[in-house]
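Me: I would like to go through this structure with you, one topic at a time. Please keep the answers plain.

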Amino acid sequence: MEAISVIFSVAFVAAVLRVSTPLILPALGGLISELGGVINIALEGIMLVAACAGVLVSVWTQSAWLGAIAGVALGMFIALVLAFFHLNLKADLILAAIALNLLASGGTIFVVYLVTGDKSSTSRLVSGQMPFLSDFIPSVRELGDLGRLLDQNILTYAAFVLTALVALFLYRTRTGIHLRAVGENPEAARSVGINVRRMQYLALLLSGMLAALGGVYLSMGYVKFFARDMTGGRGFIALAAIYLGARKPLGVLIAALVFGAAEALSIQLGNLRVPTQLVQIIPYFATLAALVIYAVAQRQRALARQRAFLQSRAARQV
Amino acid sequence: MTQATPFIVEMRDISKVYPNGVRANEHVNFAVRPREIHALVGENGAGKSTLMKILYGMERPSSGQIFVRGKPVSIHSPHEAIALGIGMVHQNFMLVPSFTIAENVVLGAEPARRRLLDYRAAVEITRQLSAQYGLEVDPEAPVEAVPVGMRQRVEILKALYRGADVLILDEPTAVLTPQETHELFAAIRQLVQSGKTVIFISHKLREVKAISDRVSVMRNARLVDTVNTAEVSEEQLARMMVGREVFLRVDKAPMRRGEPVLQVRDLEYVTEAGVEMLKGVSFNVYAGEILGVAGVEGNGQTELVEVIAGLRSAAAGQVRLCGVDITNAPPRRVRQAGVAHIPEDRLTNGVALSMSIAENLIVDRYERPPFTRGGLMQPAAVAEHAERLIDQFAIRAPDGDAPVASLSGGNMQKVVLARELSSSPKLLIAAQPTRGVDIGASEFIYEQLVRARDNGVAVLLVSADLSEVMSLADRIMVMKDGRITAVLDNTPDLTEEAIGYYMLGVKRMSAEEIAARA
């Protein structure tokens with residue numbers, strides 16, 4: 001069948017890597033915030049703002065790098081606002097994050113309209129794009145299929161490197177260990193002199209940074225423009241990936257790749273004769289299905305243990 | 001300026017007034033000699049925790065001075081207390097459950113190489129400290145997988161690793177079996193021998209007598225006296241604590257045991273996570289008796305109570321009340337069948353804190369006359385009901401409209417007791433009925449439980465306080481790992497040690513023996 005051959009092509013794997021990047025980065029950020037005990041629901045809004053700021057600053061400065069730096073800085077600033085509201089002003093973390101998401105959605109359109117007079121996208125502007133591997137090593141293009149696989153945006157490479165760095169940070173550095181201790185038992189952390197608030201600020205700032213990188217990739221790597229609500233719920237799918245990945249860096253990476261594969265599939269099937277509406281729900285449906293399967297599997301395991309226990313006890317009594 | 005002093009820690013004229021006007025400490029003078037075991041005793045709310053929080057830098061005194069090794073100091077945070085060599089083992093452990101013991105011991109002061117944690121070194125440090133002070137732990141086990149006694153040793157090791165010379169132990173035996181307590185006492189003696197000083201907070205006078213060199217007694221925010229332990233009796237200490245003679249020995253009429261009221265058969269309970277908490281539990285509670293359930297907390301007592309009360313679903317087995325099957329029935333049906341329940345977690349399950357006393361007293365019967373007629377609440381009936389129970393149960397409150405949150409622990413518990421006993425139950429389940437309750441209110445609660453028993457109510461008493469079980473129960477059922485390990489008649493010659501063996505699982509009765517007695 002056509003669909004099968006599509007899935008096993010190099011192009012498909014390359015596409016999976018491409019579409020997974022804006023899931024892996026925010027998911028890693030979300031993971032850090034979750035382990036710090038301050039789950040960042042504003043990943044979506046932060047991505048959106050970073051995507052928008054990156055494009056506009058790159059247009060203005062004619063430098064993709066400056067655009068990216070501006071996007072990340074603004075994303076971290078929003079995370080800082082969230083942290084300030086929650087940690088200093090004691091606002092509810094979830095509500096504050098929802099407010100920021102709504103603000104990001106409306107605010108980015110407003111700014112885009114002010115700059116371009118267009119309410120839907122910046123496609124009329126000439127904006128920067130973060131380099132691909134072939135921009136550094138042009139000979140990659142001559143490698144054929146392998147070349148197509150390797151010629152990814154540097155932010156895609158960054159996503160994988162950052163997964164390893166986040167794991168190293170969380171499990172091997174003192175700061176990372178303190179951050180996890182704060183998330184699991186803040187009282188215990190405080191009692192040994194760890195500054196709980198400072199750790200939670202750090203967790204939210206890092207989550208903002210990683211989500212912003214994901215946003216920058218969307219508008220300056222994956223495509224070369226900003227479009228209204230272009231994150232399309234990726235910040236929320238990233239949240240799902242945290243739990244599906246069992247709150248471990250490698251697990252989160254794999255979960256994000258699974259979701260990415262679902263999205264890549266929907267893109268590939270879009271070229272075939274399948275109704276687009278049906279195809280477009282695939283990534284969201286995959287997210288939902290994965291979470292249901294995860295929950296059912298956990299419950300099954302509990303029931304199996306219960307049955308095994310009752311049986312072994314019955315056997316002992318006979 | 002350093003002055004010669006016989007004390008390692010001295011707190012002079014300490015007062016503490018909280019912003020809400022509560023005077024927790026008034027002109028307290030407290031001094032500890034080096035290498036002594038100094039007990040600090042007092043009722044709940046007497047101010048001992050506040051005093052120790054001040055010493056450990058968690059609270060600032062309103063006035064007064066602290067000297068450590070003769071030097072005046074001001075301690076602003078636990079960090080500063082630790083730097084002065086003062087360590088504290090809190091009552092609820094300050095551990096990170098998923099971290100290993102070694103990680104917990106070094107947390108906040110990790111050995112590191114090039115900014116990365118040196119885990120091998122952490123394990124080695126833990127192992128050495130453990131051997132040096134005779135505090136046996138498994139450094140690489142995650143804390144969540146080890147028993148309470150070991151978690152406590154981890155807390156002590158944590159303090160020692162940070163260089164503590166003075167260790168404050170806040171009610172360390174509250175969660176231990178008698179045997180674990182013996183082990184802890186041996187460890188404390190070894191600590192003192194190697195030059196440490198121990199402050200031992202407790203309200204268990206027997207333990208204070210057994211372990212301490214000197215004892216300071218607090219009452220009503222003041223330090224009553226500091227005496228040599230060898231020179232006072234338990235009764236004298238009790239008198240100093242409460243200012244009057246209190247014997248928590250309960251006078252009970254001989255039991256008139258009736259028909260079985262509660263019959264539990266082969267009860268199994270498995271948590272969502274798949275942990276088996278009840279494993280084939282079978283027993284009866286008869287009319288007119290108090291069945292005490294003893295056991296270290298976390299061995300299935302909470303689950304047993306909540307399954308019977310309809311708050312959790314059993315995986316298998318049967319619960320019958322006067323012959324009626326109430327297994328996995330919803331709580332309301334269980335209550336209508338005649339079960340009253342004093343829950344162990346009073347603040348979340350016993351009362352609605354923000355609501356009034358009157359409202360809390362009718363939550364189980366508001367929909368019935370006289371409180372509701374024709375679908376409308378009858379405020380006069382509610383108020384009258386509250387007034388009567390406040391009077392009858394000596395609840396110290398201005399009136400029924402006062403929010404329950406404004407009451408002390410003892411009076412809050414009296415509200416729960418009043419509601420449950422006034423529902424004329426056939427079975428009364430009392431889980432940890434005097435936890436966090438002062439001695440005066442505890443006495444009252446004991447009287448009420450015994451009165452209910454004398455009136456033919458079947459009483460199931462679950463308590464982590466073994467002496468409470470021993471002074472109230474007619475029979476004692478011991479639970480360990482979700483099983484009944486013994487059912488004993490509470491005869492005068494029954495000792496805490498004898499029960500302790502069953503609590504630890506060192507000894508267990510045969511199934512036949514349990515079946516015959518349960």
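Reply: One definition before we begin: two strands pair if DSSP finds at least two bridges between them. Please also note that this is a predicted model.

Me: Fine. In what sense do β15(B) and β23(B) pair, and over how many bridges?
Reply: Strand β15 (residues 290–294) of chain B and strand β23 (residues 475–480) of chain B pair in the parallel sense, with 4 bridges. Within this pair, A294(B) is opposite V478(B) of β23(B).

Me: Which strand order does the open sheet have?
Reply: The order is β18-β21-β22-β15-β23-β24 in chain B, which makes an open sheet of 6 strands with mixed pairing. At its edges are β18 and β24 (483–489) of chain B, each of which pairs on one side only. On average, neighbouring strands are turned by 20° against each other, direction ignored.

Me: Which helix packs on it and touches β18 and β21 of chain B?
Reply: That is helix α14 (residues 409–421) of chain B, whose direction makes about 175° with that of β18(B). Another helix, α15 (residues 439–454) of chain B, lies across β15, β21 and β22 (458–462) of chain B and runs at about 145° to β22(B).

Me: Back to the edge strand β18(B). How many bridges join it to β21(B)?
Reply: There are 4 bridges between β18(B) and strand β21 (residues 427–431) of chain B, and the two strands run parallel. I342(B) has A430(B) as its bridge partner in β21(B).

Me: And which way do the residues of β18(B) point?
Reply: In strand β18 (residues 339–342) of chain B, V339(B) and H341(B) point one way, while A340(B) and I342(B) point the other way. These residues are all buried. As a general rule, side chains in a regular strand alternate between the two faces of the sheet.

Me: Different spot now: is V319(B) buried or exposed?
Reply: V319(B), which lies in strand β16 (residues 316–321) of chain B, is buried because 24 other C-beta atoms lie within 10 Å, and the cut-off for a buried residue is 20 or more.

Me: What does V319(B) touch?
Reply: Leaving aside residues up to four places away in sequence, V319(B) touches V264(B), L267(B), I308(B), I326(B) and T327(B). In addition, Q263(B) is 56 residues from V319(B) in sequence, yet their C-alpha atoms are 5.9 Å apart in space.

Me: What share of the contacts in chain B with a separation of 6 or more is between residues 24 or more positions apart?
Reply: The share is 68%. Chain B has 518 residues, of which 46% are buried, and its secondary structure comes to 18 helices and 24 strands.

Me: Over to chain A. At what angle do α12(A) and α13(A) cross?
Reply: The axes of helix α12 (residues 234–244) and helix α13 (residues 249–270) of chain A cross at roughly 130° and come within 8 Å. The two helices are therefore oblique to each other, and their crossing is right-handed.

Me: Which residues make that contact?
Reply: From α12(A) they are I237(A), A238(A), A241(A), I242(A) and L244(A), and from α13(A) they are V252(A), A255(A), A256(A) and F259(A). By class, the contact has 9 nonpolar residues, no polar ones and no charged ones.

Me: Last topic: how many residues does each chain bring to the contact between A and B?
Reply: Chain A brings 19 residues and chain B brings 25 residues. On the side of chain A, α9 (174–184), α10 (186–191) and α15 (282–317) each supply at least two residues, and α15(A) gives the most, with 6 residues. That side has 8 nonpolar, 5 polar and 6 charged residues.

Conventions. Residues numbered from 1 in each chain as written. Chains lettered and ligands numbered in written order. Predicted model: local features only at pLDDT ≥ 70, side-chain atom pairs only at ≥ 80, totals over all residues. Axes fitted to C-alpha atoms, helices over the stretch in contact; angles between N-to-C directions. Parallel < 35°, antiparallel > 145°, perpendicular 65-115°, else oblique. Left-handed = near helix turned anticlockwise from the far one by under 90°. Contact = placed C-beta atoms within 7 Å. Nonpolar A, V, L, I, M, F, W, Y, C, P; charged D, E, K, R; others polar. Buried ≥ 20, exposed ≤ 12 C-beta atoms within 10 Å, placed from the backbone.
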